[in-house]
Every structure is written in C-alpha cells, then in structure tokens.
Amino acid sequence: MADEGVINGPSVGGGDDQPASQIPAKKAKTPAQLKKEQEKKEKLEKFKAKQAQKEAKKPVDEKAAAKGKEKKERQVITYDVQTPAGEKKDTACPMPDAYSPKYVEACWYEWWEKLGVFKPEYNAPNGKLTIPNPKGKFMICIPPPNVTGTLHLGHALTNAVEDTLVRWHRMRGETTLWNPGCDHAGIATQVVVEKKLWKEQQLTRHNIGREAFVDMAWQWKNEKGSRIYDQLKTLGSSLDWDRACFTMDPKLSEAVKEAFVRLHDDGVIYRSNRLVNWSCTLKSAISDIEVDKRELPGRTLLPVPGYNAKVEFGVLVSFAYPVVDGDEEIVVATTRIETMLGDTAVAVHPTDDRYKHLKGKFVQHPFCDRKLPIVADAFVDKDFGTGAVKITPAHDHNDYDVGKRNNLPFITIIDDEGNITNEGGQFKGMKRFDARAAVLQALKERGLYRDTKDNPMVVPICSRSKDIIEPLLKAQWYVDCSDMAKQAADAVRNKELLIVPDMHERTWFNWLDNIRDWCISRQLWWGHRIPCYFVTIDDQAVPPGEDIDNKYWVSGRTREEALERAVARFGVSPEQVTLRQDEDVLDTWFSSAVFPFSIFGWPNKTEELDVFYPGTLLETGHDILFFWVARMVMFGQKLMGCLPFREVYLHAMVRDAHGRKMSKSLGNVIDPVDVIHGITLEGLHRQLEQGNLDQREIARAKAGQKADYPTGIPECGTDALRFALLAYTAQGRDINLDVNRVQGYRFFCNKLWNATKFALMCLGSDYQPLPEARPLDGERPMDRWILSRLAVAINACHVGFTTYDFPGVTTAIYSFWLYDLCDVYLEYLKPVFRQDDQQRVAASRSVLYTCLDMALRLISPFMPFISEELYQRLPRRTPNCPPSICVTAYPEPTSYPVRDERLEESVAFTQDIIGKIRSLRSDYMLTPKQSADVFLKCSDKETKSIVDQFSDLMQTLTSSHQVATMVDEQPPEGCAIVTVSHRCVVHLLLKGLIDPLKESAKLDDKKGKLSAQLQKMQRNTQLPDYAAKVPEDVRRANTDKMEQIEGEIQKLVEALETIAKMQ
C-alpha cells in the first residue's frame, strides 16, 4: 500500500520495521484487561489442545508434510557460491528476494583482510608509515578482553563504537590503526586451569608444581584463547590482526619488567606490610575492581564457599570488656564478632566526658591474658552507639590507621585459608565463620554478651570466587601514586586530556585527588612474576634482612642484572650472594597500564612506537575509568613523558530491558553471537548448564530467560546489532537494551535491501553513472528535494561523529533511508520511470544513483556487511574507484551542496496535505484501488503555485485519480472536507465511489461500538474508589484512551454528516 510507503512491485517494506527508538511505548493495562487477556489465553490454549488432538487423529499426508518442510527450509537464504577464502564474493548473481544476514555476511570479512584494508599502511602515503599523511592519523587500541572470557553485549557495544569510529576515520583517508590484544587475566585464568586440573586429574597446582602448572595454562590459552578473536571477527571488527598482542607475549613481558625496574629504581615501587583484600578461596590478594560490594538491609544469610550452611551478616553484636582493676565495663559493638580475638585496644573520642577517667587504663580480653589499652582517637564518633570502638589493627582498614597512630600491636588471627591462627587460643584451627558462632556463645557463657541488632551494611565479596573478602596484613609491593596522580588530574584540568562526556571528570578528580598507593602483588602462578629478588649475604658483617626491608630487595630485568646490583649494593663478591625471586605475580592491571606503548615494542626504539605513540583516542566503559584509564595516563606520563592519548570517550553501560546489571545468575548475560545468528530457548538453557552456576542459580537464570525470551532470540544479524547498540548509546546514560527489539533493525536492513533492489531495477543493468555527481536539465523539484535531504543527513553525520553523538548519526541515516528515500522519493519515482520523457528519467536516475551511493557510504561504518554487499552491486562512476566501500571516501559537508531549506519547507507542507488526504481515505474506508479525485482549495496564488509543483507526488502517494488546485473556483458537491492550515483545505470527492447507505451503516455501527466502550470506561472512572485503588499511571492511560475514543467518535460524526448530504 502506498499509504504505508511500500513500493508496488519489489517490496521496500520488511514487516514491522520500527526499531526501538521509533516504537511508541505501550500503555499500561488495567487489572481487568490483564485478567481478560489471561482468560482469552487460557481459552486459546484449550482450543489449540483440541485442535492438536484432532490433527493427531488425521492420517499423515507425507507429501504435504515434506512440501511444508521444504518450504520452511527455503526461507533460510544462504550464500552457496563456491568462493575460496579471501576471494571476492560473487555479486553478479541475482539478489535474493529478501534480506538474509547469513547470505549478506558471507565472505566479506576474509576479503577485507586479504585486501589489507584493516592495516594502517593501506592509507599511508606510498604504504610508508613514516611519511606523514596530510589527511591525518587515527590510532586506538582495544581494551584487551580477558583470554578466559567470551564477549557479552557490553563488549559488543565497546567494539561497535570503536569499529564505527575506526571505519569512519579510515573512509576519510587517514592512516588508521586499531590494535587488537588480549589480557592474560591472572586470577580468572588460574581459576579455570585449576578447575580443569582437578576435574581431569584430581590434582591441585601444588601437586604438579609451578613450572608444570604454568605450562598447562599456556596450553589452555593456545587451545581456547582464540574464541574472543573469532567473536570480534563475527562482529565485523576491522582490527589489524597481524599486530594482535597478548599481555604475556615476550614483547609485552619485556615492557612489564622494564616498567617495574624503572619505577623500583625511582622509589615509586616499594615493599610494605599492609592490609589487602584477601580471598581465602583463591589464597590471593585481589584488586578493588574484583570486589563486589553487596548492600544488605539488615540480617541476611549468605552462602559462603566451604560452608554447608549459610552465614549470618547484617547484624551488630554488642559485648562488654571489663575494665582492669575496677568494676566498670566498656560496651563495644561489631559486625564481625570473630575479629575480637585480634583486638589490641578500645578507642574513645578525646573529648568524650564519659570515658575521660578511663583513659590510660586497660580492659581485659576474656579469652586470653591480653590487656587492651583504652586509647583516645579522634576517628571515633562519640555519638554512635556507646562511643567506644574495639580496635583490630590486623583485620580492619580503619583500625589499621588507629593502630599505626597509637603504636598498637598487630595480631593476625585469621590465616590465608580463613582459619583461626594460634593467636586465637581456644578457637584456633576453626574456620573463621564457625568461630563467629563459637565466640558469640562463649561471650554469652561469660555474661559479656549484651545484644544483637539489625545493621544495614556492605559486605565485600570476591567477584571470582564469591568468597567473603577478609582484610589481612601482608608484605606486598606497592606503587606510590601521589605524584603521578597529580599530573594525571592536572592534565584533565588543563584540558590537555579531554574526557567525554565531561560529567565523568568529577569521578576522575575524586579518585586521583584522594588516591591511595596501589598494591600490585598477587599470590598467583599465572602472570608476570615480580622481577624482584630478596638478597641473603653469606657474610657475618652483613646482618640478615627482613622481608619488608626494601634494602634487601633488588630488582632486575634478568637474574644476572639483579645479582650485579646486589653485589654493588652490599660490596661483596657474587659467590656470597643468594637470590630468592618473589613468588608473587603482578596485578593484571599493571601490564594493562603499559599496554598503549608495550604493544609497539617499548622500551626499544621502534618505528611503530615513533609513529603511533601517543595514540588518538581511548574508548571504553566508564566503569574502568580509574582502574585502567587513569593508570595508563599515569604510566604514560611517568615512563614516556607524555599522555598516551588525547581524548577518552566513555560509553554507557549495557543493562537488560528491565534496567538490571548483566548477571549470569539472572540469565541476562547474552553472547552477541547468539543475537547475530539467533538461538532457541533450549540453547540458552544449555549454555547455563555448561557454566559454573550452582543448581539454584541455574533454575533462577532459566526462569529469567524464559520470561525474557520465551521463543528464544531471533536471528538479527551483525549489522542490525551494531546499529541498535549505537542507536541506544546516549551519552552519560546506561542502556536498557531489549534484545528482541534489535530485530526492528533487521527489518530496517530488509528495507535497505528491497529499496536497493528496486533502485537497481529502475537504473537498469546497463546504467553508467556520470564520472561525478552534477545537476542535469531534467531535474524536478523532488529530485532537488531528496538531494537537499541527503545534504542534511551528511551534515548530521559529520556533526555526530565529531561529537560522539552516535544516536544523532543513526537517527539521521535511518530517517533519510526510511522516511525520505523509501517512503517518499522512491514512491514518487514509480510513475516517472514509466514515462517517455527520457531527459527527466535520466535526471532522476542520476539523482537516485547519487542517493544510493552516498547513503550506503553514510551507513557503512555502522553496517559494514550489508553496505558492502549492496555497494558492490552498484556500477562505478570511474574504473579507478576504490575496491571496497570500507576505503571509499565518506561523504563530507564541505564537498556536498548545501541544503535548500525553502524547498524542504514546501515539500513538508505538501506532506501535510498528503497526510490529511490519507487520513480522509482511511476514515471512509477507501481501498488503494478506489482512486478518488482531490481538490485543494488554496488561500492564494502563491500557495497554489507551491502545491502545483508537487501534484504528481500527491497523486502517487495518495492513490488519487487526479489532484486539482484552485483559488477562486469551488470544488464539486459530495466531498469530504478537512483543513490542512489556513492556506489550504482538502476536498476528497466521495460521490460515485461509495454507497452512502452502506457506508453510513458501517460507520454508524463503528460509532455505536466506540460509544459503548467509552461509556463503560466512564462508568469505571466514576466509581467512588477509582482514584484510591487504581494506580496513577493506569488512570492516566485510561484518560488518554477516552480522549482518543472521543476524537474518533467526533470524526465519525463528521463523516456521517458528510455522507448524509450525499443521500
């Protein structure tokens, strides 16, 4: 139907082609409506069951069944032409009837790789990177994903944003490099390999030793580590794979050692005994980013690895310490009662009058002979609780600082495995949370327990093992970040480094201005082993050192260099020196911090380092702004003397359709490949069963998947997924992505497919475009209008790309293709191409070719596969055009004519008239075959002259027999009338087209049904308890619905009055 903007002949439509941003939100349903729907659903299910029983009793028609099956299979269109890998796809064969992602996406990626278009040398002058490119340079490195993982939709967004930017810069002729890489993921990889070792051999890493375990990890990486790269290729990511880096490759490992040694020599890296986030399950310290902070409203039972029963959290236990040599007591409270075994003081505020007389005295520990001093410290909030605080310096970050200030003993009462140490007296050997219950019971027996209250709190949980984090005192390596952090903060303040959107600057300053030193030690075997050695001297004149004494630690790029340094430091011979390398490895983020320059061979002076460092842009999610971005900036300034990039673009975080964070236990973590190829609900369930969730979490996740994807995820294709992700990317906001609505952009792809197919048919197989786009004599206003709209789209794309406004770009492209080209211009061209006016046809063909050529280039960075497929089917302007759309010039506003705003206003006015005519035809239920005469009564000759220019457009888009304009004349009787504006009134001639009695009866029946519906709703809204019982959003929806019905009834009344005049 022309009313729907569908071309007769090859369809430009593709079903419901409205993506998320164009689909209006559904209005909330009332409880009564929901109940009615449920009843209808139950009746339908019963009906289906009966029908199934009847069908089961019928004899099977094998031929019909086979035919039906064959027909269904034919719907999956694939590219079956034998094409060797890397060779160009055959585009001379006929286009399939409909768009198919499987067909379109075949072969192109391998061909792009073979052409070398992903390499920076392709656009470099004479293929030489050292020759400056007058068009510029663009370099970006990928945020290296973990080698253990698979990509989810968050990664898909990252890569869609980055690849779109990279393709845009490449099409602009810049020397462009997107450098791929993968992170060794210390903890994650070690956990995976340890599980594999236990599952296959029932052995631990300690059973086989460090060297064998590391070899096993490398073997696993070589076997499984390519999966992420395969996913990236499926997403169309145009990375230079010859430059792919792994953070434990020799080149990058050398850079990590160099960075450590230089920073250690400068005193920036030092050794200290401090509290760390300890995972008793992993037996390692972990970084802050690997700690999930779960908020509890009060008493909550949580599962903890290694415990059969859930453990209680979210309570505050109060107990008393007796004052030594007196009959007084001090009541303190804690959320971790087991830590009282390591208490070494009780603190009160210096100005608290209640405890002034007790300062300097002691309280008695009930389970040992330890006496705890009562100390005065301003950190205590005297108005909270009793105003007295137990101090456990070795197991609490605040208490640690109090312990340092007051020179208190640090007693470790929980070991690496989470058991009570010998310092725990009668509780030694107990698991920490078993001791929690035992200590509480012992306090009750001694009469020291006071009470337990609900206490909202945050529990730190290891994201890897789900264990409760235990603060433990450990000798570790630290990075002094103070000076580097100041320089990084100043770079943003001075606008040397831009953060987009700038709302994230506040986070940047808050973290860097209050930075703490960075613990970089990890108690793992997989990773970069710390290149530092403890020195033992076989000489009585040199006293033995302690583990935390920095003097006895030497760093070295090799063991030989470390030995030379030890000899020089202590003035002894090499034979007197024994070196013991630190067993720990570096935090994974350390190697990530040097990634922007380690990938180019630093510390060696390489051509690539000189050309590509510093880079242009760093793009990533805002969740790792300080864990990764800030550290790259700090290390770049410190080790390279300059910033690693000029801009940081932080995209939003992807959440599910309900606004929830992606979580495996919720079943909402989706592999982008499943959106591209589609997957059944059963397939989603199987993925859960193959993961690491327990049975309860699997059941919960399956329920979530069934609710969100009852029929699975439909095949959407790569282009639709990429376009959808970028269309949703509003700066500074999280993305609530409904995967099923990505399908709307697949329908959009079908629109592009059918539009291009129709256009190619109109151009003809022998069409040869002009060497350059230029106006032809036969051009009409509508030809100039579509070129003006194209200019608008080109300018919007330029502005959007330069400001990272991706929704602005996608909206401009979508609107041009769908609303301007398909819905208007292609429809307008149908009768044009049926005319004998060759000059006019030639002009329209030239304009049509220009629109296709430019529109495909505009969309190419977002939809690389379909744009290449369709572009390759277009004839070229000249023989020396680039081989691929990937390296064809992106349309720029400076090289394209400016828009004609006055012409656009005239067409917009004409489109208003078309809308009114269509609405009238709909009111009187006219079919497309019923061609009515339209008379436009204009207010003046100027309006008439404007409308006359587009009479052929209006005739085509409204299925009219003729469109006549007039100023002084009067339209004939028997017309339906509607006002467009004070300048124009539409008269639609109905006389002779409809049976007045029959149409009157139909409209009257419709009016009666609507009136009954309106009366029912009005009665419901007038009930006494309506306002109290019905939610506000439902009431608002009801009001809107009643207003809509009233409007429809009014239009029916007017239509009936018009028909009455015809009888």
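Colleague: Arg 243, buried or exposed?

Modeller: Buried, since its relative accessibility is 10%. Keep in mind that this is a predicted model.

Colleague: Which side chain does Arg 243 meet in a salt bridge?

Modeller: That of Glu 121, at 3.0 Å from N to O. Glu 121 sits in the loop between helix H4 (108-115) and S1, and Arg 243 in the loop between helix H9 (227-234) and strand S4 (245-246), so the pair ties together parts 122 residues apart in sequence.

Colleague: And how does Glu 121 count for accessibility?

Modeller: Partly exposed, because its relative accessibility is 24%.

Colleague: What about Arg 557, who is the salt-bridge partner there?

Modeller: Glu 258, at 2.5 Å, N to O. Arg 557 is in the loop between strand S23 (553-555) and helix H15 (559-570), while Glu 258 is in helix H10 (residues 250-265), so this bridge ties together parts 299 residues apart in sequence.

Colleague: Which of the two is buried?

Modeller: Glu 258 is buried, with a relative accessible area of 8%. Arg 557 is partly exposed at 29%.

Colleague: Where do Asp 853 and Arg 857 lie?

Modeller: In helix H27 (residues 838-859). They are 4 residues apart there, so about one helical turn separates them. Their side chains form a salt bridge of 2.8 Å, N to O. Both residues are buried.

Colleague: Which residues are joined into one network by salt bridges that share partners?

Modeller: Lys 119, Glu 121, Asp 240, Asp 242, Arg 243 and Glu 608.

Colleague: How many salt bridges does the count come to?

Modeller: 58.

Colleague: New topic. Which peptide bonds are cis?

Modeller: One joins Trp 602 and Pro 603, with omega about 15 degrees. Pro 603 is in the loop between helix H17 (595-598) and helix H18 (607-612). Another runs from Tyr 613 to Pro 614, with omega near 0 degrees. Pro 614 is in the loop between H18 and strand S26 (617-621).

Colleague: And what is phi at Lys 466?

Modeller: Positive, about 65 degrees, although Lys 466 is not a glycine. Lys 466 falls in the loop between strand S17 (457-462) and strand S18 (470-479). Lys 466 is partly exposed, with a relative accessible area of 47%. Lys 495 also has a positive phi of about 65 degrees and is not a glycine. Its place is the loop between helix H13 (482-493) and strand S19 (498-500).

Colleague: How far apart are Leu 151 and Ile 670 in space?

Modeller: 8.5 Å, C-alpha to C-alpha, with their positions 519 residues apart in sequence. Leu 151 counts as buried because its relative accessibility is 2%. Its loop lies between strand S1 (137-141) and helix H5 (153-171).

Colleague: What about Asp 399 and Ala 707?

Modeller: They are 308 residues apart in sequence and 47 Å apart in space, C-alpha to C-alpha. Asp 399 is in helix H11 (residues 397-405). Asp 399 is buried, at 6% relative accessibility.

Colleague: Which residues form the positive surface patch?

Modeller: Arg 294, Lys 310, Arg 696 and Arg 700. Arg 700 is in helix H22 (residues 695-708).

Colleague: What does UniProt place at residues 1000-1062?

Modeller: A "coiled-coil region", from an unreviewed entry. In the model this stretch is 90% helix and 0% strand. The end C-alpha atoms are 11 Å apart.

Colleague: And how many helices and strands are in the chain?

Modeller: 34 helices and 33 strands. Buried residues make up 53% of the 1063 residues. The C-alpha atoms fill a box of roughly 115 × 80 × 70 Å along the principal axes.

How values were computed. Residues are numbered from 1 along each chain as its sequence is written. Side-chain values use heavy atoms; hydrogens and water are left out. Patches are made of residues with over 30% relative accessible area and no salt bridge: like charges are joined within 9 Å, nonpolar side chains (Val, Leu, Ile, Met, Phe, Trp, Tyr) within 5 Å. Accessible areas come from the Shrake-Rupley method with a 1.4 Å probe; for residues, only the protein chains shown count as cover. A salt bridge is a side-chain nitrogen of Lys or Arg within 4 Å of a carboxyl oxygen of Asp or Glu. Lys and Arg count as positive and Asp and Glu as negative; His and the chain ends are not counted. The place of a charge is taken as NZ of Lys, CZ of Arg, CG of Asp or CD of Glu. Helices (H or I, at least four residues) and strands (E, at least two) are DSSP runs, numbered from the N terminus. UniProt positions are given in the numbering used here, feature names are shortened, and annotations may be inferred rather than shown by experiment. Buried means under 20% relative accessible area, exposed over 50%, partly exposed in between (1.4 Å probe, protein chains only).
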